[in-house]
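These notebook entries record what I looked up, place by place, for a reader who has not met this structure before.

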Amino acid sequence: MTTPDLLAEEAATREGVAALNKREFLDQFQKLSKQYAQDPGNPGSYACEGCQRCANCMFCKDCDSCHQCTHCTRCELCNNCSHCVDCKSCHASAYCQQSENCTHSAYLVLCRNMQDSNYCFGCVGLSKKDFHILNVPFPRTEYFKVVARLRKEMGMP
């Protein structure tokens with residue numbers, strides 16, 4: 001189609017949508033919603049493998065419904081995360097593993113409901129804390145020794 005034909009088609013489509021009554025609008029909306037739910041596309045994403053319903057992500061694998069994540073694996077409902085694995089509903093976090101509902105945090109493992117925290121292992125509900133295991137603070141060097149032992153015993157990489 002030529003440019004004038006495309007413009008005429010676009011104008012006709014707009015007129016058609018503008019003329020819809022409530023029932024017709026809701027029917028069209030329902031069809032559009034079903035099409036989106038059936039198409040596991042990843043709009044705006046680059047080099048993602050096995051992902052579904054992700055948008056604007058890069059280099060992710062097997063993620064579902066994530067937005068603007070990079071290098072994440074098996075994450076779900078996360079946004080603006082980087083290098084996370086098996087996380088759910090995390091936001092603006094990096095290098096987290098098996099964590100859920102964490103925001104603005106990094107290097108969390110098996111954590112839940114954390115905010116602005118770093119290097120925590122098995123913690124829940126902390127805010128602005130670093131180097132904690134099961135919500136107990138540890139000196140930095142001791143933290144890494146205990147976590148290494150726990151990871152080995154738990155068979156975690």
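**Entry: Phe 25 and its patch**

I began with Phe 25, which lies in helix H2; the model in which I looked it up is a predicted one. I asked whether Phe 25 counts as buried or partly exposed. Its relative accessibility is 47%, so Phe 25 counts as partly exposed. I then noted that Phe 25 forms a nonpolar patch on the surface together with Leu 26 and Phe 29. Together the three residues have about 310 Å² of accessible area. For context I recorded that in soluble globular proteins nonpolar side chains tend to be buried together.

**Entry: the nonpolar cores**

I turned next to the interior. The largest nonpolar core has 22 residues. Which of them touch the most other members? I listed Cys 63, Cys 66, Cys 69, Cys 72, Cys 75, Cys 78 and Met 114. Another core, of nine residues, lies apart from that one. I noted Val 109, Val 147, Leu 150 and Met 156 among its members.

I then followed Cys 69 by itself. Leaving aside neighbours within four places in sequence, Cys 69 is in contact with Asn 56, Cys 57, Met 58 and Cys 60, and also with Cys 78, Asn 79, Asn 80 and Cys 81.

**Entry: Ser 99**

I located Ser 99 in the loop between helix H2, residues 22-38, and strand S1, residues 106-109. Is Ser 99 buried or exposed? At 2% relative accessibility, Ser 99 counts as buried, because the cut-off for that class is under 20%. The side chain of Ser 99 reaches the backbone oxygen of Gln 97 at 3.0 Å. Setting aside neighbours within four places in sequence, I found Ser 99 in contact with Asp 86, Cys 87, Lys 88 and Cys 90. The list for Ser 99 also includes Leu 108, Val 109, Leu 110, Cys 111 and Arg 112. Val 109 had already appeared in my notes as a member of the core of nine residues.

**Entry: Thr 73**

Thr 73 has its place in the loop between H2 and S1. With neighbours within four places in sequence left out, Thr 73 is in contact with Lys 61, Cys 63, Cys 84, Val 85 and Asp 86. Cys 63 is one of the residues I had listed for the largest nonpolar core. I also looked up a separation: the C-alpha atoms of Thr 73 and Leu 126 are 24 Å apart, and the two residues are 53 residues apart along the chain.

**Entry: salt bridges**

How many salt bridges does the count give? The count comes to six, and I examined some of them.

I took up Glu 10 and Arg 14, whose side chains meet in a salt bridge at 3.0 Å, N to O. Both residues lie in helix H1, residues 3-18, and are four residues apart, about one turn of the helix. Glu 10 counts as partly exposed, at 46% relative accessibility.

I next examined Arg 53 and Asp 64, whose side chains meet in a salt bridge at 3.3 Å, N to O. Arg 53 and Asp 64 each lie in the loop between H2 and S1, so the pair ties together parts that are eleven residues apart in sequence. Arg 53 is partly exposed at 26% relative accessibility, and Asp 64 is partly exposed with a relative accessible area of 22%.

I then looked at Glu 153, which forms a salt bridge with Arg 149. The closest N and O atoms of this pair are 2.9 Å apart. Glu 153 and Arg 149 are four residues apart in helix H3, residues 140-154, and therefore about one helical turn separates them. Glu 153 is exposed, with a relative accessible area of 60%, whereas Arg 149 counts as partly exposed at 43%.

**Entry: backbone angles**

I checked phi last. Most residues other than glycine have a negative phi. Asn 80 has a positive phi, near 55 degrees, and is not a glycine. Asn 80 is found in the loop between H2 and S1 and is partly exposed, with a relative accessible area of 35%.

Tyr 95, also not a glycine, has a positive phi of about 55 degrees. Its place is in the loop between H2 and S1, and Tyr 95 is partly exposed with a relative accessible area of 38%.

From Tyr 95 I looked across to Ala 11, which lies in helix H1. Ala 11 is partly exposed, with a relative accessible area of 24%. Ala 11 and Tyr 95 are 84 residues apart in sequence and 47 Å apart in space, C-alpha to C-alpha.

Definitions and conventions:
Residues numbered from 1 in each chain as written. Predicted model: local features only at pLDDT ≥ 70, side-chain atom pairs only at ≥ 80, totals over all residues. Heavy atoms only, no water. Helix = DSSP H or I, 4+ residues; strand = E, 2+ residues; numbered from the N terminus. Buried < 20%, exposed > 50% of the residue type's maximum accessible area, 1.4 Å probe, protein only. Polar contact = N/O pair within 3.5 Å; in protein donor to acceptor, adjacent residues only side chain to side chain. Contact = heavy atoms within 4.5 Å. Patch = residues over 30% accessible without salt bridge, like charges linked within 9 Å, V, L, I, M, F, W, Y side chains within 5 Å. Areas by Shrake-Rupley, 256 points an atom, 1.4 Å probe, with all protein chains shown as cover. Salt bridge = Lys/Arg side-chain N within 4 Å of Asp/Glu carboxyl O. Core = buried A, V, L, I, M, F, W, Y, C linked by side-chain atoms within 4.5 Å.
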